[in-house]
Amino acid sequence: MQISKMWKAVVAAVAAGAGSLSVAVTDDTVTAAEGWAALCAVLAALGFTWAVPNKPGEGS
């Protein structure tokens with residue numbers, strides 16, 4: 001199965017954002033700092049995951 005670089009980055013960004021926001025809402029409110037931290041986590045996950053190349057398949 002081949003996963004494109006774009007979808008790999010999207011899944012990583014969603015996971016990072018969801019993880020960060022799930023910690024932020026434990027006190028039933030999201031502060032500006034927690035929002036910025038979630039945004040930074042999403043952007044970092046997008047950037048780092050996009051930069052890492054996929055492993056070539058066995059037939060390649």
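**Close-up 1. M6 and its place in helix α1.** M6 is one of the residues of helix α1, a helix that covers residues 5-24. This is a predicted model, so take the view as a prediction. How open is M6 to its surroundings? With a relative accessible area of 41%, M6 comes out as partly exposed.

**Close-up 2. A nonpolar patch on the surface.** Pull back a little from M6 and you'll find its partners: M6, W7, V10, V14 and W50 make up a nonpolar patch on the surface. Taken together, these residues have about 520 Å² of accessible area. Which element gives the largest share of the patch? That's helix α1, with four residues.

**Close-up 3. D28 in the loop.** Here we're looking at the loop between α1 and α2, where D28 is found. D28 isn't a glycine, yet it has a positive phi of about 65°. That's worth a second look, because most residues other than glycine have a negative phi. Is D28 buried or exposed? D28 has a relative accessible area of 75%, which is over the 50% cut-off, so it counts as exposed.

**Close-up 4. Helix α2 and its two sides.** Next up is α2, which runs through residues 32-51. It has 20 residues and reaches 28 Å from its first C-alpha to its last, close to the 28 Å expected at 1.5 Å a residue. Which residues of α2 are buried? They are A38, A45 and T49. Looking down the axis of α2, you'd see these buried residues fall within an arc of 25°, so they line one face of the helix. On the other side of α2, the exposed residues are A32, A33, W36, L43, F48 and A51.

**Close-up 5. V52 and A9.** V52 sits in the segment after α2. Its relative accessibility is 48%, so V52 counts as partly exposed. How far is V52 from A9? Along the sequence they're 43 residues apart, while in space the C-alpha to C-alpha distance is 9.6 Å.

**Close-up 6. Stepping back to the protein.** To place the earlier views, here's the overall picture: the protein has two helices and zero strands. How much of it is buried? Of its 60 residues, 12% are buried. The accessible surface adds up to about 4,600 Å², and carbon and sulfur atoms account for 71% of that.

Notes: Residues are numbered from 1 along each chain as its sequence is written. This is a predicted model: local features need pLDDT of at least 70, side-chain atom pairs count only at pLDDT 80 or more; totals for chains, interfaces and linings use all residues. Side-chain values use heavy atoms; hydrogens and water are left out. Patches are made of residues with over 30% relative accessible area and no salt bridge: like charges are joined within 9 Å, nonpolar side chains (Val, Leu, Ile, Met, Phe, Trp, Tyr) within 5 Å. Accessible areas come from the Shrake-Rupley method with a 1.4 Å probe; for residues, only the protein chains shown count as cover. A salt bridge is a side-chain nitrogen of Lys or Arg within 4 Å of a carboxyl oxygen of Asp or Glu. Buried means under 20% relative accessible area, exposed over 50%, partly exposed in between (1.4 Å probe, protein chains only). The expected span of a helix is 1.5 Å times one less than its number of residues. The arc is that of the directions from the helix axis to the C-beta atoms.
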